[in-house]
Each structure stands twice: as structure tokens, then as C-alpha cells.
Amino acid sequence: VGPAGIKCGGTVAERPLTGLAGRVQELQAGLARRELPELAHACGAALVDGRLQMKVWQMAVTIAAPDFVARHAETSEALDSLTQALVAYYLHTADGILPADHWIAFTELPDGRFYTQAFQGYTGRELAQAFGNDVVRFGETAVALGGTAVPFADAAYRFQALPRVPVLAVCWQGDEDFSPSYKILFDAHTPHYLPTDACAILGSMLTRRLLSRH
């Protein structure tokens, strides 16, 4: 269980559905009071024909007033509940600052140290169990999901989750004394775009994506 009671194990990372859905509705209602040009500038989205356009995990998404529901750009189908939550938190929190290009651990996020052990349990620990020392397979999986290799640790891949929210999956290989270790790291300016609750969702989503393809 992560911040604010978010359950992040298994295939989901959410509060009890009513709690998460209710919070998302609150955030979307609050967005209706924002000016769309200002909101687009703050979150790094394009504003085209009165709709916000941006990419989420490299998928083209549109968001329109007054409901601010995130929809697939091609099909207009509403996205799943976790992605809705991620987008709603992102739009609500975004203040326009550019990424820091400096990576931090979950424990360095606001109040993150209280939930680091749980977060590592459903992210890095599960990646280590799945990939172990097989950095080649880890790399192939990451690249297939749109990850870009960066020079960090023994292997690391950067993913663009949202326009101004990159996230890093990192591997340190093990040896006879130490087991392999994996972590999900965040750009130091991520708190300008997502609260720690939503970072827990983000890390779990990336982990599930990697595990589903390994």
C-alpha cells in the first residue's frame, strides 16, 4: 500500500475504486475553472480546436472541457481509470517548470521516505525477480516499450510518461555477494507535476508495462 492508501500490487495501483474515482472527479471539476491556454502552457500540451493534445506513454491523447476526460486521440475512447487519475493529477499540479534532468529516488519525493519500502516492493523488487542479471532482456523489453538507454548504473532506460514527466528504470547487476537490484527513479522536478500519490501510480504502471512484455 502506497501513499494515501493507494494499493499498488498486482495489476492495479489504486485506492479503493470509489476513493480514486471520486478524487479524479474532484480534480476534473477543478480544471473546469482554469483557462485552457494557461493550462496547456503549464502542462506542455498543444491546444488545438479547444482540446488539449499530448502524449501519455507515447500514446496520443486528447482532453476537452468541461469534463477533462482523457481520450484516445484516434478512437475517442476514454482511457482506463489509472491513466485518467495520472492525467488528472498531472493537469491539476502542473506549474510549467522544465524537467531538472537530475534523477531522484522515491524516498526523495515529498513524504516518500514513509512509503519507500512498499514502493520498492511492487516496483524494483518485482523487476529484479523477473529480469535478474539478464540486462539484455531488460534492455530489449524497455526499448520495445519506447524506452531510451541512458548512461546510468549497469543499465537504465528513460521513458516519457507525460510531456514533462520522464521516469527512469535502472538496473544494477548482482554478483556472488549481492543480488541484482532495480529501481524506478524520477526527475527531481516531478513534484511540480505529480503528487507523491500519483508517483506511486506512475512507478507501478511502468513496472507492470515492463513485466507484461518481459
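This note sets out points on the sheet, one helix, the salt bridges and the nonpolar cores of a predicted model.

1. Sheet order. Five strands make up an open sheet, arranged in the order 5-9-8-7-6 with antiparallel pairing. Strand 5 (103-104) and strand 6 (148-149) are the edge strands; each has a single partner strand, so one side of each is left without a neighbour in the sheet.

2. The edge at strand 5. Strand 5 pairs with strand 9 (residues 181-187) in the antiparallel sense, over 2 bridges. Trp 103 has Asp 187 of strand 9 as its bridge partner.

3. The edge at strand 6. Strand 6 and strand 7 run antiparallel and are joined by 2 bridges. Ala 149 has Tyr 157 of strand 7 as its bridge partner. The hairpin of these two strands has 5 residues between them, and in this hairpin Ala 153 takes a positive phi near 55°.

4. Strands 7 and 8. Antiparallel pairing joins strand 7 to strand 8 (residues 165-172) over 7 bridges. The two strands form a hairpin with 2 residues between them. Across this pair, Phe 159 stands opposite Val 167 of strand 8. Of the 8 residues of strand 7 (residues 155-162), 6 are buried, so the strand is largely enclosed by the rest of the structure.

5. Helix 3. This helix (residues 81-93) has 13 residues, and the distance from its first C-alpha to its last is 18 Å, close to the 18 Å expected at 1.5 Å a residue. At its N-terminal end Asp 80 acts as a cap, with a side-chain oxygen 3.2 Å from the backbone nitrogen of Leu 82. Because 10 of its 13 residues are buried, helix 3 is largely enclosed by the rest of the structure. The buried residues include the nonpolar Leu 82, Ala 85, Leu 86, Val 87, Ala 88 and Leu 91; also buried are Thr 83, Gln 84, Tyr 89 and Tyr 90.

6. Main nonpolar core. In soluble globular proteins, nonpolar side chains tend to be buried together. Here the largest nonpolar core has 63 residues, and those with the most contacts inside it are Trp 57, Leu 91, Phe 159, Phe 186, Leu 194 and Leu 210. Helix 7 contributes the largest share of this core, 9 residues. Leu 91 is also among the buried residues of helix 3.

7. Surroundings of Phe 159. Leaving aside neighbours within four places in sequence, Phe 159 is in contact with Trp 57, Ala 142, Leu 145, Gly 146, Gly 147, Val 165, Pro 166, Val 167, Ala 169, Leu 206 and Leu 210. Val 167 in this list is also the residue that Phe 159 stands opposite in strand 8. Trp 57 and Leu 210, likewise in the list, are named with Phe 159 among the residues with the most contacts inside the largest core.

8. A separate core. Apart from the largest core lies another, of 6 residues, among them Ala 105, Ala 156, Leu 168 and Leu 185.

9. Salt bridges. Side chains of opposite charge can pair when their charged atoms come close. The model has 5 salt bridges. One of them joins Glu 126 and Arg 208, whose closest N and O atoms are 2.7 Å apart. This pair links distant parts of the chain, with Glu 126 in helix 5 (residues 124-131) and Arg 208 in helix 7 (residues 196-213), 82 residues apart. Arg 208 has a relative accessible area of 18% and is buried, whereas Glu 126, at 23%, counts as partly exposed. These two values lie on either side of the 20% cut-off for a buried residue.

10. Two further salt bridges. Arg 34 and Glu 38 meet through their side chains at 3.0 Å, N to O. Arg 34 is partly exposed at 25% relative accessible area, and Glu 38 is partly exposed at 39%. Arg 137 forms a salt bridge with Asp 134, with 3.2 Å between the closest N and O atoms. Arg 137 is partly exposed at 25%, as is Asp 134 at 31%.

11. Thr 62. This residue lies in strand 3 (residues 59-64). Thr 62 is buried, with a relative accessible area of 13%. Not counting residues up to four places away in sequence, Thr 62 touches Arg 51, Leu 52, Gln 53, Val 69, Ala 70, Arg 71 and Ala 73.

Notes
Residues numbered from 1 in each chain as written. Predicted model: local features only at pLDDT ≥ 70, side-chain atom pairs only at ≥ 80, totals over all residues. Heavy atoms only, no water. Pairing = 2+ DSSP bridges. Helix = DSSP H or I, 4+ residues; strand = E, 2+ residues; numbered from the N terminus. Expected span 1.5 Å × (residues − 1). Buried < 20%, exposed > 50% of the residue type's maximum accessible area, 1.4 Å probe, protein only. Polar contact = N/O pair within 3.5 Å; in protein donor to acceptor, adjacent residues only side chain to side chain. Salt bridge = Lys/Arg side-chain N within 4 Å of Asp/Glu carboxyl O. Core = buried A, V, L, I, M, F, W, Y, C linked by side-chain atoms within 4.5 Å. Contact = heavy atoms within 4.5 Å.
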